[in-house]
Amino acid sequence: MSAEKVVGRFAPSPTGPLHFGSLVAAVGSYCLARREGGLWLLRMEDLDPPRVVPGAADEILSSLERLGLHWDGEIVWQSQRSEAYLAAVETLRDKGLVFDCACTRKEIILSAPHPGEEGPIYPGTCRRGLPVGRKPRALRIEVPPEQVSFSDGVFGRVQQVLVDAVGDFILRRADGLFAYQLAVVVDDEAEGVNQVVRGADLLSSTPRQIFLHACLGNRIPEYI
């Protein structure tokens, strides 16, 4: 990191108790931020109401406090941040980077050119407009064929061509909920987060977040 103050964060999803993998990420992010005299923020990623377990957030907070992992400032709740996500979507729309999509998952599976890293690749069906008679379901961002690369603090150099790995990905789902990839980028920028420690399961989605940061004109955090 440069001489600027380190701002780390821990962002659990309240879908159950704090499990070991999340705890490892919490300890790692806490220690790295505190080592540099930085801030350690807490965000509840309660973005998907059907998956939120009642009482889980309180249990997570109690676990962190019991373990001496004390956060700085107020807790951010993603469920209260819809206006910020909508503003980001409108910024991307003004730049001509997003488009409405009418495709169902079944249609995408049947027409996908090949499987990607996390499922079927979106084939670009609605990139240039909705098919006649179809109504929009989701909102997607168009990805270019260029490679996204970054240096991860554990895995080293990581490279991914989004159009081959995931295709045009969703920013707002068919049920009207904003996608995690958009929310995490908007929130990290809003909170000034410049050091992101996360589980290895999120390594493959980091290029999407870096791409969105760039599209919104944000600074790119350090990823570990």
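**Exercise 1. What covers helix 6**

Find which elements cover the buried residues of helix 6 in this predicted model.

*Solution.* Start with the helix itself: helix 6 spans residues 180–190, and eight of its eleven residues are buried. Those residues are Gln-181, Leu-182, Ala-183, Val-184, Val-185, Val-186, Asp-187 and Asp-188. Now look at what lies against them. The cover includes four strands, namely strand 1 (7–10), strand 2 (39–44), strand 10 (169–172) and strand 11. Helix 3 (82–94) and helix 7 are also among the covering elements. Finally, step just past the end of helix 6, where Gly-192 takes a positive phi of about 70 degrees.

**Exercise 2. The setting of helix 7**

Decide whether helix 7 is largely enclosed or largely open.

*Solution.* Helix 7 runs over residues 206–215, and nine of these ten residues are buried, so the rest of the structure largely encloses it. To check this by eye, go along the helix: Thr-206, Pro-207, Arg-208, Gln-209, Ile-210, Phe-211, Leu-212, His-213 and Cys-215 are the buried ones. After the helix comes Gly-217, which has a positive phi near 75 degrees.

**Exercise 3. Cysteines and disulfides**

Work out how many disulfides the structure holds, and what surrounds Cys-103 and Cys-215.

*Solution.* The count of disulfides is zero. Take Cys-103: its nearest cysteine sulfur belongs to Cys-101 and is 3.8 Å away. A disulfide needs the two sulfur atoms within 2.5 Å, so Cys-103 is in none. For Cys-215, the nearest cysteine sulfur is also that of Cys-101, at 18 Å, and Cys-215 is in no disulfide either. Next, consider accessibility. Cys-103 has 11% relative accessibility and therefore counts as buried. Cys-215 likewise counts as buried, because its relative accessibility is 11%.

**Exercise 4. Two strand residues**

Describe where Val-196 and Gly-119 sit, and whether each is buried or partly exposed.

*Solution.* Begin with Val-196, which belongs to strand 11 (residues 195–196). Val-196 has a relative accessible area of 1%, so it is buried. Setting aside neighbours within four places in sequence, Val-196 is in contact with Arg-9, Asp-188, Pro-221, Glu-222, Tyr-223 and Ile-224. One of these partners, Glu-222, is 26 residues away along the chain, and its C-alpha atom lies 6.0 Å from that of Val-196.

Now turn to Gly-119, found in strand 6 (residues 119–120). With a relative accessible area of 25%, Gly-119 is partly exposed. The C-alpha atoms of Gly-119 and Asp-175 are 19 Å apart, with their positions 56 residues apart along the chain.

**Exercise 5. The chain as a whole**

Compare the radius of gyration of the protein chain with the value for a compact globule, then fill in the wider picture.

*Solution.* A compact globule of 224 residues would have a radius of gyration near 17 Å, and the chain has 18 Å, which agrees. For the outline, the C-alpha atoms fill a box of roughly 55 × 40 × 30 Å along the principal axes. The chain contains seven helices and twelve strands, and 44% of its residues are buried.

Contacts come next: of those with a separation of 6 or more, 77% are between residues 24 or more positions apart. As for the surface, about 11200 Å² is exposed, with carbon and sulfur atoms supplying 54% of it. Last, the chain carries 24 positive and 29 negative charges, whose mean positions are 5 Å apart.

Notes: Residues numbered from 1 in each chain as written. Predicted model: local features only at pLDDT ≥ 70, side-chain atom pairs only at ≥ 80, totals over all residues. Heavy atoms only, no water. Helix = DSSP H or I, 4+ residues; strand = E, 2+ residues; numbered from the N terminus. Rg over C-alpha atoms; globule rule 2.2 N^0.38 Å. Buried < 20%, exposed > 50% of the residue type's maximum accessible area, 1.4 Å probe, protein only. Contact = heavy atoms within 4.5 Å. Areas by Shrake-Rupley, 256 points an atom, 1.4 Å probe, with all protein chains shown as cover. Lys, Arg positive; Asp, Glu negative; His and termini not counted. Charge placed at Lys NZ, Arg CZ, Asp CG, Glu CD.
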